[in-house]
Amino acid sequence: MIIDTRIRPPYKGFAGGSNYSREKPAKWAAMFGGKVAPSVQHAPERFEKGEHDVILKECLAEMDEAGIDFAFVPGRKGQDQVWIDNQDVVDLCDEYPDRFAGIASICHEDPMEYNLDQIKKFCIDGPLYGVSIETGLVSDIPTATPRFVDDPLFWPIYDLCEKNNVVVSFTHNGPAYPDPSGSDPVRLKHIYSDFPNLKTLLVHGSWPHVNEIAAYLFVNKNVMVQPDFYMMHAAGWQGYVDSINYMNPENYVFSSSYPLADMKTMVEYYLNCGIKEEILPNLFYKNAARFFGIDAKKVKRLPNSPIKDEFDDVIAVK
């Protein structure tokens, strides 16, 4: 079984935008030595013709070919001109309950009361498993202030999420913040001093602080790291492999980051980058299942998944 913890399928608000342009996927593929997904290569023409359903079917077929059984879909607000209504994420998961689960999104430029209400509506009282906050990536809002994750502005959000077991997801790499110190685990320590039971997901793996996050995971197991394509030839990527294999095998999850990467290429890379065979189930599905509390009965099993399915001990919470 493979659970992909970050995929943005071409559905409603996700369709179009820079993630499905010619330029951005090609740039990221070249930067990390990957490939542009076949469905993304001709997406602009499909969208111009209004063939959104065709692209979505191709995306699902590519999931099948890669052996990805189930995927998390995060919303996004503030970056890349892709502002996803949380109801769109719910609608996708309702249409494909055996393939997708969702993560809501909020923007710190919105009133705090509104953001807390969104978390209550879609996560605490609704079907979504977490909330995504782009604290630094707010380029679509000219008047916005990029912030670090340990800004006290976010304390009410962390308090609500900790009390209700809602995962908080950050885009957490150096370039996502006003300066590279944004992804330094010291900032996480500031958060966890006040919210020791908060569960956080670090998109882009806290890069470039690869070794520092490995050391922090040694003492904080409520943090889950999602290195995605930063495992793929980024400076220091071998540190992720060592951390996964030895010190922190329960604190990393797989992500293809589609449409910015080809799903099959990403799966094959993770299978062959040096992670020990006995650790692969942790990385590919067990850690994500435990962290999010996946209902195993929702998941469609694929016959060609390269990872053995031992999913019996997962507790459903949604």
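Where does K12 lie? The exercises below start from this residue and then move through the strands, a helix, the core and the cysteines.

The model is a predicted one, in which local features need pLDDT of at least 70, side-chain atom pairs count only at pLDDT 80 or more, and totals for chains, interfaces and linings use all residues. Residues are numbered from 1 along each chain as its sequence is written, and side-chain values use heavy atoms, with hydrogens and water left out.

**Exercise 1. Locate K12 and H233, and describe the backbone and accessibility of each.**

Step 1. K12 lies in the loop between β1 and α1 (23–32), where helices (H or I, at least four residues) and strands (E, at least two) are DSSP runs numbered from the N terminus. H233 lies in the loop between β7 and α10.

Step 2. K12 is not a glycine, although its phi is positive, at about 45 degrees. H233, likewise a residue other than glycine, has a positive phi near 75 degrees.

Step 3. K12 is partly exposed, with a relative accessible area of 44%, and H233 is partly exposed at 47%; on this scale buried means under 20% relative accessible area, exposed over 50%, and partly exposed in between (1.4 Å probe, protein chains only).

**Exercise 2. Find the cis peptide bonds at P208 and P259, and place each proline in the chain.**

Step 1. The bond that joins W207 and P208 is cis, with omega about 10 degrees, and P208 belongs to the loop between β6 (200–203) and α9 (210–217).

Step 2. The bond from Y258 to P259 is also cis, with omega near 15 degrees, and P259 belongs to the loop between α10 (237–247) and α11.

**Exercise 3. Work out the strand order of the seven-stranded sheet, and follow the pairing of β2 and β3.**

Step 1. The sheet is open, its seven strands have the order β1-β2-β3-β4-β5-β6-β7, and the pairing is parallel; two strands count as paired if DSSP finds at least two bridges between them. At the edges are β1 (3–4) and β7 (223–226), each of which pairs on one side only.

Step 2. β1 and β2 run parallel and are joined by two bridges, and D4 has A71 in β2 as its bridge partner.

Step 3. β2 and β3 pair in the parallel sense over four bridges, and P74 has I103 in β3 as its bridge partner. β3 in turn pairs in the parallel sense with β4 (residues 130–133) over three bridges, where V131 of β4 is the bridge partner of A104.

Step 4. Five of the five residues of β2 are buried: F70, F72 and P74 point one way, while A71 and V73 point the other way.

**Exercise 4. Decide which face of α4 is buried, and name what covers the buried residues.**

Step 1. Helix α4 (residues 52–66) has 15 residues and reaches 21 Å from its first C-alpha to its last, close to the 21 Å expected at 1.5 Å a residue, the expected span being 1.5 Å times one less than the number of residues.

Step 2. The buried residues of α4 are I55, L56, C59, L60, E62, M63 and A66. Seen down the axis of α4, these fall within an arc of 155 degrees, so they line one face of the helix; the arc is that of the directions from the helix axis to the C-beta atoms.

Step 3. The face turned away from this buried side carries the exposed residues D53 and K57. Among the elements that cover the buried residues are α2 (38–41), α3 (43–48), β2 (70–74), β3 (100–106) and α11 (263–272).

Step 4. α4 is followed by G67, whose phi is positive, near 85 degrees.

**Exercise 5. Describe the largest nonpolar core and the contacts of I275.**

Step 1. A nonpolar core is a set of buried Ala, Val, Leu, Ile, Met, Phe, Trp, Tyr and Cys residues joined through side-chain atoms within 4.5 Å. The largest has 107 residues, of which Y158 and I275 touch the most other members, and its largest share, eight residues, comes from helix α12 (residues 280–292).

Step 2. Leaving aside neighbours within four places in sequence, I275 is in contact (heavy atoms within 4.5 Å) with M231, V241, I244, N245, Y270, L280 and L283.

**Exercise 6. Establish how many disulfides the structure has, and examine C93 and C107.**

Step 1. A search of the whole structure finds zero disulfides, a disulfide being a pair of cysteine sulfur atoms within 2.5 Å.

Step 2. For C93, the nearest cysteine sulfur is that of C123, 11 Å away; C93 is buried, with a relative accessible area of 12%.

Step 3. For C107, the nearest cysteine sulfur is that of C161, 15 Å away; C107 is buried, with a relative accessible area of 2%.
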